[in-house]
Structure formats: structure tokens, C-alpha cells
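Please open the model in your viewer and keep a selection panel at hand, since this tour moves from one selection to the next and says at each stop what is to be found there.

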Amino acid sequence: MFAVRQEVITAISASAADDGIVLDTQQRLLVDRLADLVPEGRRRTRRSSGRRGLYIYGSAGRGKTWLADAFYDATPTWRKTRVHFHSFFEELHRRVHAHRNDPQSLRLGIDDVVGNSELLYFDELHVHDSGDARLLTRLLDHVLARRITVLATSNYAPDDLLPNPIWHHLFEPGITMIKVHFDVHHLDGQTDYRASPRGDSVGFAAGTWITAPPSNRLSETAETVGLTVRGRTFEVRSARDGWLQASFAQLCDAPVSTIEYLTWARTYPRWTITDVPTFDGADEEAQQRFVNLVDILVDENIAVTFTSPHTLPDFCTAATASRPDAFRMTSRLQLLRPTA
């Protein structure tokens, strides 16, 4: 077991060196803690005790996902599953629908998503919806019953999940399971590495934020393209040759869901999003859609060109003033190259 642990530490260190990353003291401590999580040799009998997972939380841009991804890649088992918050719920709803005629449809759907895994890595765990709270509680029940090793990253301490006081009690059983069965590790520090200067970048980090006057509004006769996902159709400006072009209004003012965003992100590797307003000029539902969209575009590593009448710093300042949970989105937008 010691040899496997050391191999994982060496592999993470090599990945950091390859990416030109110098791990800080807190990140190196987390590498050591991650290495203790290797599922191999951790099989337990029903009488076994001890923690069965690691819940990592900390400020945006601290490197939680990068380190967890490096650990996941280095873990010497093929029986592992990585899920992101939005893609998990999209996949789960699809699987539950496939079992809709079975009274155990939710359990079967969760089993389909988790599969025969020894390790489940749940990236960007956050809970803001009572329905999500119910599904996550069932997921935790399921993986604990199957004795699966769990790795989760989050910007929120366990007690801060589902922060709305009206609904917080609904996820208290899930919070208790996290605190009882997982080690909770705070990746401390204030440095947001997304804001650091970078060399050549790919994917989302190769995108740009262009400050430009608003484009002319689409008239009723302007040509648009309808994209249909699961029977719902939405208009965008253009979708061809792997390139999706749409305005903020088309993507966020319309009732678009994460299902559409995920489908389009997996279909079009290049995006242009125009006329992005500041959050004080958008309603709360449009704000939340844009937050979700940025989450998905980053996780799917899509190169995006954003155009806005506002500079990126001005947009981020207004966003954090409008929404206390906008910090993750604004941190991710720091990956972009701002141009005038």
C-alpha cells in the first residue's frame, strides 16, 4: 500500500511539473491527504470502521479540481467514475426516466451512474435547490451502503451547503453523512491561481472577453437557427461547423436548462456569446443560468468568446455585488484573456 501511495504522489508531482505548476504548502499537504484515499487495498468488511471519503473545500481558484483530477488520473484502478455537479443531474434524470416504470427508478438510476466503481469523484459539489438536496442525499446513502470511496470538491464547508435558511434543513441528513463518514479538508489560502499570468492555454482558458458596443438587436425577420433538445427548441444566431453563436438573451433570458447547455457544449467545441450585461441588468433567473452555463463551459473545456459593453473587471464586480455565490463564476472568468 505504501508503494501505491508513493506512486500516486509522484504522479501528481509529475503532472504539476508538466503543467508548469509550483504547488504551494497547503496544496502539498492536500496531495499527501489525497494519496491516503487510494481505493486499492481499502476494501472493508461490514465490521470495518473509519472514514470512507474525502470532502475538500476552499476558496475559488485554489486548485481543488486540478489536484483532484490529477489524483483521479493517478489512481491505479479502472473502476472509477468522475461526475460534475451539472452533468450528474442531467445523467441521473435521463437514467431515472429510462427506469420510469419501475418503483425503484431512482435507485436504479443512481446505480447506472455510479456503475461498478470503487472510487466516485464528485467535482464542484454545491446545493442550492431542494430537489438537488433530495437526490444528493439518496446518492450519499447509495455510495455509503456500497462502501465506495468518495472524493468531493466544493467551495462550501459542509454546514454551508444549501445555505437558504428556508430549505437548509432538507439537506441536514446529507451534511451529517458527509461529516460522519468523510474526512473534511479545508484547502486554505487566499491565492486565486486562475488570476495568475499564464502561457499558452487551451479550451476555456484560450477564450476571450471582448469589450465592445452592443450589437444590433435581432429583428423579428433576422435569420436565426432553432436547436432542439428533447423536444424543446431554442433560437440561436448560428450553429454550424462546430461553432455556436448566441446572445446572452437567447441563452439566459429564455428558459434554457442545463440539459441544453450540456448537449450544446458536447456538440459545439467553439462558442461566441454576445451582449453580456452586468448582473444588475439581468433578472435572477438569467443570472443563475449564466452561472450554470459558465460552470458547464469550463468543465467541458470549451473555447468561448464573450462580448460585452462592460469590461471583465466591471462585470465581475457587479456580479459579486448582485449575488453572494457569484465568486466561483468570477474566478473562472479570470481564465479568459480580456481585450478591448
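A salt bridge is taken here as a side-chain nitrogen of Lys or Arg within 4 Å of a carboxyl oxygen of Asp or Glu, and by this rule the count comes to 20 salt bridges. Please keep in mind throughout that this is a predicted model.

**Stop one: salt bridges across the chain**

Begin by selecting Asp299 and Arg82, whose side chains meet in a salt bridge with an N to O distance of 3.3 Å. Asp299 lies in helix α10 and Arg82 in strand β2, residues 80-84, so the pair ties together parts that are 217 residues apart in sequence. Asp299 counts as partly exposed, at 22% relative accessibility, and Arg82 is likewise partly exposed, with a relative accessible area of 30%.

Next, select Arg332 together with Glu124, where the side chains form a salt bridge at 2.6 Å, again N to O. This pair links distant parts of the chain, for Arg332 belongs to helix α12 (residues 327-333) while Glu124 sits in the loop between β3 (119-123) and α6 (130-145), 208 residues apart. Are the two partners buried or exposed? Arg332 counts as buried, at 3% relative accessibility, and Glu124 counts as buried too, at 6%, because the cut-off for a buried residue is under 20% relative accessible area.

Stay with helix α12 and select Arg328, which forms a salt bridge with Asp295, the closest N and O atoms being 2.9 Å apart. Here the link runs from helix α12, which holds Arg328, to helix α10, which holds Asp295, and the two residues are 33 residues apart. Both Arg328 and Asp295 are buried.

To close this stop, select Asp69, Arg82, Asp123 and Asp299 as a group, which salt bridges with shared partners join into one network.

**Stop two: the second largest pocket**

Now turn to the second largest pocket, which has a volume of about 390 Å³. A useful way to centre the view is to select Phe85, His86, Asp129, Asp132 and Asn292, which are the closest to the pocket centre of the 18 residues that line this pocket. Then colour the helices around it: α4 (85-98), α9 (258-265) and α10 (284-299) each supply at least two residues of the lining. Which element gives the most to the lining of the second largest pocket? That is α4, with five residues. Sorted by class, the lining of this pocket has five nonpolar, eight polar and five charged residues.

**Stop three: the cavity**

The structure holds one cavity of 30 Å³ or more, and the largest cavity has a volume of about 80 Å³. To display its lining, select Leu120, Phe122, Leu125, Leu136, Leu139, Leu140, Val143, Val150, Ala152, Phe171 and Phe182. Among the secondary structure elements, β3, α6 and β4 each supply at least two residues of this lining, and α6 gives the most, with four residues. How do the residues of the lining of the largest cavity divide into nonpolar, polar and charged? There are 11 nonpolar residues, with no polar and no charged ones.

**Stop four: a nonpolar patch on the surface**

Switch to a surface representation and select Ile166, Trp167 and Leu170, which form a nonpolar patch on the surface with about 300 Å² of accessible area together. Within the patch, Trp167 has its place in the loop between β4 (149-154) and α7 (172-181), and Trp167 is partly exposed, with a relative accessible area of 40%.

**Stop five: two buried residues and two distances**

Select Val8, which lies in helix α1, residues 2-18, and which counts as buried at 1% relative accessibility. A distance drawn from Val8 to Asp73, C-alpha to C-alpha, comes to 9.1 Å in space, whereas in sequence these residues are 65 residues apart.

Finally, select Trp264 in helix α9, a residue that is buried, with a relative accessible area of 3%. From Trp264, draw a distance to Leu120, which was selected earlier as part of the lining of the largest cavity: the two are 26 Å apart in space, C-alpha to C-alpha, and 144 residues apart in sequence.

Key:
Residues are numbered from 1 along each chain as its sequence is written. This is a predicted model: local features need pLDDT of at least 70, side-chain atom pairs count only at pLDDT 80 or more; totals for chains, interfaces and linings use all residues. Side-chain values use heavy atoms; hydrogens and water are left out. On a 1 Å grid over the protein atoms alone, a cavity is a set of points where a 1.4 Å probe fits but cannot get out, and a pocket is an open set with protein on both sides within 12 Å along at least five of seven lines; lining residues have an atom within 4 Å of a point. Grid points are joined across faces, edges and corners, and a volume is the space filled by probe spheres set on the points. Ala, Val, Leu, Ile, Met, Phe, Trp, Tyr, Cys and Pro count as nonpolar, Asp, Glu, Lys and Arg as charged, and the others, Gly among them, as polar. Patches are made of residues with over 30% relative accessible area and no salt bridge: like charges are joined within 9 Å, nonpolar side chains (Val, Leu, Ile, Met, Phe, Trp, Tyr) within 5 Å. Accessible areas come from the Shrake-Rupley method with a 1.4 Å probe; for residues, only the protein chains shown count as cover. Buried means under 20% relative accessible area, exposed over 50%, partly exposed in between (1.4 Å probe, protein chains only).
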